[in-house]
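Colleague: I am new to reading protein models, and I would like to learn how to go from the overall fold down to single residues. Could you take me through this one step by step?

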Amino acid sequence: GCRIRVPQITEAAATGAALLAGVGVGAFGSAEEAAGSLRHHETIYEPGQEAKEVYDDIYQSTYLPTSRSVLAL
């Protein structure tokens, strides 16, 4: 039931490395400043109520009993 925000950035690891390199050479004063310099779009996915109900049922009937038995070990 949670909203998911997906940034539309194709090379996230390379972008992060470049921003940190910019911090290292003094182009940015901090990692926060470097991250704040990015301008990107994101896609937001809202949960569908019908799908949420299906997944909640699966969670209740499959995952929870399994996790309880593992924790009991």
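Modeller: Let us begin with the secondary structure, keeping in mind that this is a predicted model. The protein chain has three helices and two strands, and read from the N terminus these elements follow the order β-α-α-β-α.

Colleague: How is the chain as a whole spread out in space, and what is its radius of gyration?

Modeller: The radius of gyration is 20 Å, whereas the globule rule gives 11 Å for 73 residues, so the protein chain is more spread out than a compact globule. Along the principal axes, its C-alpha atoms fill a box of roughly 55 × 35 × 20 Å.

Colleague: What share of the residues counts as buried, and what does the accessible surface come to?

Modeller: Here a residue is called buried when its relative accessible area is under 20%. By that cut-off, 8% of the 73 residues in the protein chain are buried. The accessible surface is about 6100 Å², and carbon and sulfur atoms make up 59% of that area.

Colleague: Which contacts join residues far apart in sequence, and what share do they make up?

Modeller: Among contacts with a separation of 6 or more, 62% are between residues 24 or more positions apart.

Colleague: How should I read the length of a helix such as H1?

Modeller: The general idea is to compare the span of a helix with the span expected at 1.5 Å a residue. Helix H1, residues 12-24, has 13 residues and reaches 18 Å from its first C-alpha to its last, which is close to the expected 18 Å. Just after H1 comes Gly26, whose phi is positive, at about 90°.

Colleague: Are Ala14 and Gly22 buried or exposed?

Modeller: Both residues lie in helix H1, but each has its own value. Ala14 is partly exposed, because its relative accessible area is 44%, while Gly22 counts as buried because its relative accessibility is 9%.

Colleague: Which residues does Gly22 touch, leaving aside those up to four places away in sequence?

Modeller: Gly22 touches Ala27 and Phe28. As for distances, Gly22 and Ile44 are 22 residues apart in sequence, and their C-alpha atoms are 29 Å apart in space. In another pair, Ala14 and Ala27 are 13 residues apart along the chain, with 17 Å between their C-alpha atoms.

Technical notes:
Residues numbered from 1 in each chain as written. Predicted model: local features only at pLDDT ≥ 70, side-chain atom pairs only at ≥ 80, totals over all residues. Heavy atoms only, no water. Helix = DSSP H or I, 4+ residues; strand = E, 2+ residues; numbered from the N terminus. Rg over C-alpha atoms; globule rule 2.2 N^0.38 Å. Buried < 20%, exposed > 50% of the residue type's maximum accessible area, 1.4 Å probe, protein only. Contact = heavy atoms within 4.5 Å. Areas by Shrake-Rupley, 256 points an atom, 1.4 Å probe, with all protein chains shown as cover. Expected span 1.5 Å × (residues − 1).
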